[in-house]
Amino acid sequence: MSSLSSISNHPERNVIRVQLKQNLVLKGLSEAELAELEPQLVVVDCPKGEFLLHQGVHEMEQYFILDGILKRVVANQQAKEMILRFADERDMETSYAAWRLKTPTPYSIVSVTKARVAKLALPGWVAFMDQHPAIKLVFEYEVMRLMSEIMAHTITLHLLDAPGRVHRFLRKHPDLFDRIPKKELASYLNLSAETLSRLKHQGKI
């Protein structure tokens, strides 16, 4: 089970504050703005495989990743899964588009490794951004970039052969290749774990 704590009560609060300042969305905030946001944040320590967000719900949150790796994953009624993206430290996860469209979450967010995130309810995050338009611009740009990245990935699953898909991932995410369990990586690239292993063994990747 995951554990929850406010930042001010957390034994590693000083480290957490530094990590928040390094987050790609929050790094432009002033000390005063960070201090204003901090009381709304809850720190969550998640074991591997923990669901932070379930597909199909209306209660949504904003996540800032402090440690570890999360995945955005969609499942059909037969429980067949497709991984849409991975996100690690300094990155964020959200279902902002679904919240704005007033639709249920179209995917789940799950920890791939042991992970730590700072989170807050999406309405609270939106209210904070409305008070700070500069951060809203950064955040909405990032949301669009992520959607574009997911679309590009989905297209390459159809257009590239197996080695090509692996090479593209290595080029785009060199730091993640050795951190993601090979079964998860193979699933993301729409390969079997055996194919991924064989490509590596044959020296093709």
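**Exercise 1. Find which strand pairs with E2 through 5 bridges, and in which direction the two run.**

Step 1. Start at E2: 5 bridges connect this strand to E9, and the two run antiparallel. Keep in mind as you look that this is a predicted model.

Step 2. Now pick a pair of residues to anchor your view. Val43 sits opposite Ala118 in E9.

Step 3. Turn to the other neighbour of E2, which spans residues 42-46. Here 4 bridges link E2 to E1, again in antiparallel fashion. A handy marker is Ser6, whose bridge partner in E2 is Val42.

**Exercise 2. Work out the strand order of the open sheet of 5 strands, and say which strands form its edges.**

Step 1. Move to strand E9 (residues 115-121), which is joined by 6 bridges to strand E4 (residues 61-67). These two run antiparallel. To check the spot, find Asp67: its bridge partner in E9 is Arg116.

Step 2. Put the pieces in a row. The order is E1-E2-E9-E4-E7, and the pairing is antiparallel.

Step 3. Look at the ends of the row. E1 (3-6) and E7 (92-93) are the edge strands, each pairing on one side only.

A general point helps when you follow any of these strands: in a regular strand, side chains alternate between the two faces of the sheet.

**Exercise 3. Describe the hairpin of E5 and E6: how many residues lie between the strands, and which residue there takes a positive phi?**

Step 1. Locate the strands. E5 covers residues 70-75 and is joined to E6 by 6 bridges, with the two running antiparallel. Ala75 faces Glu81 in E6.

Step 2. Follow the chain through the hairpin. There are 5 residues between the strands, and Ala79 has a positive phi near 70 degrees.

Step 3. Check how covered E6 is. This strand (residues 81-87) has 5 of its 7 residues buried, so mostly covered is a fair description, buried being under 20% relative accessible area.

**Exercise 4. Step back and describe the protein chain as a whole: how many helices and strands does it have, and how does its radius of gyration compare with the globule rule?**

Step 1. Count the elements: 8 helices and 9 strands.

Step 2. Compare sizes. The radius of gyration is 18 Å, close to the 17 Å that the globule rule gives for 205 residues, so the chain is as compact as a globular protein of that length.

Step 3. Add the dimensions: along its principal axes, the C-alpha trace spans about 55 × 35 × 30 Å.

Step 4. Finish with burial. Of the 205 residues, 45% count as buried.

Technical notes: Residues numbered from 1 in each chain as written. Predicted model: local features only at pLDDT ≥ 70, side-chain atom pairs only at ≥ 80, totals over all residues. Heavy atoms only, no water. Rg over C-alpha atoms; globule rule 2.2 N^0.38 Å. Buried < 20%, exposed > 50% of the residue type's maximum accessible area, 1.4 Å probe, protein only. Pairing = 2+ DSSP bridges.
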